[in-house]
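I opened my notebook beside the viewer today and jotted down what I looked up. Here are the entries, in the order I made them.

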Amino acid sequence: MKLYSTNNPAAFVDFKEAVFNSMPQDKGLYMPASIPALDAEFIDNIDQFSLTEIAFKVASHIMDGAIPEADLKKIVEEAINFPAPVNQLDEKTYVLELFHGPSLAFKDFGARFMSRVMGYFMEKGEKMLNVLVATSGDTGGAVALGFLGVPNTLVTILYPKGKVSAVQELQLTTNGQNIRAIEIDGTFDDCQALVKQAFTDSELNAKFRLTSANSINIARLIPQTFYYFNAYAQLKREGKTDIIFSVPSGNFGNIGAGLLAWKMGLPVKQFIAATNINDTVPSFFETGVYTPKPSVATLSNAMDVGNPSNWVRIMNLFKDDTKALKEIVTAYSYDDEQTRDAVNIVYDDFKYVVCPHTAIAWMAIGQYRYDTKDDTSTAVFLATAHPCKFPDMYEGEIKASITIPEQVKELLGKPILTVKLMAEFDLFKQYLLEN
Ligand SMILES: *Cc1c(COP(=O)(O)O)cnc(C)c1O
């Protein structure tokens, strides 16, 4: 598999280099040089395959020999070891549940696959990999649990004191083994600044092999295509093939993977990009001008992104042809009040609890149907996290109806292992050098 940078389509790297670099030197994003369509026969018979069979087929097709098939099969089976079911809410509406992995968010697909891909390349006698991650919540948990026990890797997670939920904190701090958590007396931006500075520090780079594991990594994007194919397979079994996906979007990695799946031949009628009031993309669709803005805090905080890091990749997929992009993608945005209303309506109508991110994707389906008068397609909204990760959202009957998954029960009572640091680079550097 060859990849180019969105800033330089003429220079290519191989898959391994793209995975370890995460981002090209020129600050573009890696794109597959070729996105071959899957054979029509596979798509026609996709309903006969399981999630891992589909995942292996799709991965080996796009990765084109970058990892030998037997090894890739093992990686897929280890990484995607939890289900991604579609649940029917009414005649034409389904929810695709992506929160059955260890960290209870869809980021498990990307983080688990990427960690095993990195682990695979490390086993071939590479120097130990030091993964540094700053998190405001979901990413840290998925990366920590993704890398837990992966040989030859050491993960350091920085999170802001008092700003992650109780479940998220447990996921970050109770792992031990090759995972270390640092509570920073500061904000998420402080955490991110410390990590960024570490990557440019010559002493640290001389001593360690640092990598960032962030959401733009190509090895996080590829596995996120799997569940779109698998959702289609499940619906095909029910005789439904006229499909719309509504995706709660922040950095646009999830919907970017959906569009990649579509480019590979997955029949999708429409994608809906649903955002909170951080509406850089919906306003671009409306005005034609792309204006990044500082992010604003909302209830759906994993989508508080003012300058989506994967947007360049999506534009590149469409060769900057906004008209073609708008034929397949529609975008809507919603505020916190609407988010709360949607949580209540979904519960009243279906006795189903959605997390605030998922609520936004559900709302967008209603608006899409209203705007387009489309009353025949089957709409699927992606449930990106389990509601128990956001306990402050719910009260009364809704709160009482949330079942706490086993993954969380196991964490309760485990000792919290965390190091507390002030937001000062010298202290962070000293910690890395001495531990
Ligand atoms: C990360 C995240 C999102 C946003 O996904 P992107 O790929 O950044 O668009 C949505 N919901 C939840 C729960 C998340 O953790």
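**Entry 1: two helices side by side.** I began with helix H6 (residues 138-147) and helix H7 (residues 166-173) in this predicted model. I wanted two values, since two packed helices are described by the angle between their axes and the distance between the axes. For H6 and H7, the axes come within 8 Å and cross at roughly 30 degrees. Angles under 35 degrees count as roughly parallel, so I wrote down H6 and H7 as roughly parallel to each other. Their crossing is left-handed. Which residues make the contact? On the H6 side I listed Asp138, Gly140, Gly141, Ala144 and Leu145. H7 contributes Gln168, Gln171 and Leu172.

**Entry 2: the annotated lysine.** Next I checked the UniProt record, an unreviewed entry, which places "modified residue: N6-(pyridoxal phosphate)lysine" at Lys107. I found Lys107 in helix H5, which spans residues 107-123. Is Lys107 buried or exposed? Its relative accessibility is 13%, so I filed Lys107 as buried. Setting aside residues up to four places away in sequence, I noted that Lys107 touches Asp138, Thr139, Ala142, Arg220 and Ala302. Asp138 was already in my notes, as one of the H6 residues in the contact with H7.

**Entry 3: the annotated domain.** The same sort of lookup gave me "domain: Threonine synthase N-terminal", which the unreviewed UniProt entry assigns to residues 4-79. I computed 47% helix and 16% strand for that span. The C-alpha atoms at its two ends lie 26 Å apart.

**Entry 4: the two sides of H20.** I then turned to helix H20, residues 425-434, and picked out its buried residues: Phe425, Phe428, Lys429, Tyr431 and Leu432. Why do I place them on the same side of H20? They cover an arc of only 155 degrees around the axis, and that is the reason. The face turned away from this buried side carries the exposed residues Asp426 and Glu434. I also asked what the buried residues of H20 pack against. My list has four strands' worth of labels to click through: E6 (129-134), E7 (153-160), E8 (179-185) and E14 (419-422). Helix H8 (188-200) and helix H9 (202-207) are on the list too.

**Entry 5: a proline in a loop.** I looked up Pro405 and found it in the loop between helix H18 (396-401) and helix H19 (406-411). Pro405 counts as buried because its relative accessibility is 14%. Leaving aside neighbours within four places in sequence, I recorded contacts of Pro405 with Leu104, His386 and Cys388. For Pro405 and His386 I also took the C-alpha to C-alpha distance, which is 8.9 Å, with their positions 19 residues apart in sequence.

**Entry 6: positive phi.** Last, I went through backbone angles, keeping in mind that most residues other than glycine have a negative phi. Phe252 has a positive phi, near 65 degrees. Phe252 sits in the loop between strand E10 (243-248) and helix H12 (253-263). At 4% relative accessibility, I count Phe252 as buried. Lys351 also has a positive phi, near 55 degrees, and I found Lys351 in the loop between helix H16 (336-350) and helix H17 (356-372). Is Lys351 buried or exposed? With 52% relative accessibility, Lys351 counts as exposed.

Terms used. Residues are numbered from 1 along each chain as its sequence is written. This is a predicted model: local features need pLDDT of at least 70, side-chain atom pairs count only at pLDDT 80 or more; totals for chains, interfaces and linings use all residues. Side-chain values use heavy atoms; hydrogens and water are left out. UniProt positions are given in the numbering used here, feature names are shortened, and annotations may be inferred rather than shown by experiment. Buried means under 20% relative accessible area, exposed over 50%, partly exposed in between (1.4 Å probe, protein chains only). Contact means heavy atoms within 4.5 Å. The arc is that of the directions from the helix axis to the C-beta atoms. Axes are lines fitted to C-alpha atoms, for helices over the stretch in contact, and angles run from 0 to 180 degrees between N-to-C directions. Angles under 35 degrees count as roughly parallel, over 145 as roughly antiparallel, 65 to 115 as roughly perpendicular and the rest as oblique. A crossing is left-handed if the near helix is turned anticlockwise from the far one by less than a right angle, and right-handed if clockwise.
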